[in-house]
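User: I'd like a close look at one part of this protein. Could you take me through the long helix at the start and whatever it links up with?

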Amino acid sequence: MKNKKGFTLIEILCVIVIIGILSVIATISIVNLSSKSKNNLYCAKIELIENIAESYGIKYELELNNSNELYNGYKSLKIKVNTLVDAGKLDPDKKNNVINPKDNTVMNDIDIILYLKNNQIKAEIPNNICEK
């Protein structure tokens, strides 16, 4: 009786299927991790823009006090992200544009609401997906 060494076709196919399943699981995990990272970068950028807008809004406190516009019951003004770039308060990412890290779109035309709450200037970007 001959002693044959090697793997059978069934054994090789089983290993290939297992490697395929592990590859799919790893790919899905990497894609989810990448998506979460981009979302975290987006939220950090939104928070940065809102903080810069609050400091920028200090010179408009008198105008805010006299404003007839209301946001959630508070006197408010509306500015754009581009206003912060033009004032030199926010550094653009490229070609004088602020770029959304999630989808690489330009954020310059996004509205920022400056409002007075308890005699403090607050800034908020409406309808963003980030929690405060």
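Analyst:
**Helix 1 and its partners**

Lys45 is buried, its relative accessible area being 18% (buried means under 20%, exposed over 50%, partly exposed in between, with a 1.4 Å probe and protein chains only). You'll find Lys45 in helix 1; helices here are DSSP runs of H or I with at least four residues, strands are runs of E with at least two, and both are numbered from the N terminus. Skipping neighbours within four places in sequence, Lys45 is in contact with Asp93, Val98, Ile99, Pro101 and Met107, where contact means heavy atoms within 4.5 Å.

A quick word on what you're looking at. This is a predicted model, with residues numbered from 1 along each chain as its sequence is written. Local features need pLDDT of at least 70, side-chain atom pairs count only at pLDDT 80 or more, totals for chains, interfaces and linings use all residues, and side-chain values use heavy atoms, with hydrogens and water left out.

On pLDDT, the predictor's confidence in each residue from 0 to 100, the protein chain averages 89, and 97% of the residues score at least 70. Helix 1 (residues 9-57) has the highest confidence, at a mean of 93, while helix 2 (residues 61-65) has the lowest, at 83.

Now back to helix 1 and its cysteines. The whole structure has 1 disulfide, meaning a pair of cysteine sulfur atoms within 2.5 Å. That bond joins Cys43 to Cys130, with the sulfur atoms 2.1 Å apart. Cys43 sits in helix 1 and Cys130 in the segment after strand 4, so the disulfide ties together parts 87 residues apart in sequence. The S-S torsion of Cys43 and Cys130 is about -90°, so this disulfide is left-handed. Cys130 is buried, at 14% relative accessibility. Cys14, by contrast, counts as partly exposed, at 42%.

Then there's Leu9, also in helix 1, which is exposed, with a relative accessible area of 62%. Leu9 joins Phe7, Ile12, Leu13 and Ile16 in a nonpolar surface patch of about 560 Å². Patch residues have over 30% relative accessible area and no salt bridge, and nonpolar side chains (Val, Leu, Ile, Met, Phe, Trp, Tyr) are joined within 5 Å, like charges within 9 Å. The areas come from the Shrake-Rupley method with a 1.4 Å probe, and for residues only the protein chains shown count as cover; a salt bridge is a side-chain nitrogen of Lys or Arg within 4 Å of a carboxyl oxygen of Asp or Glu.
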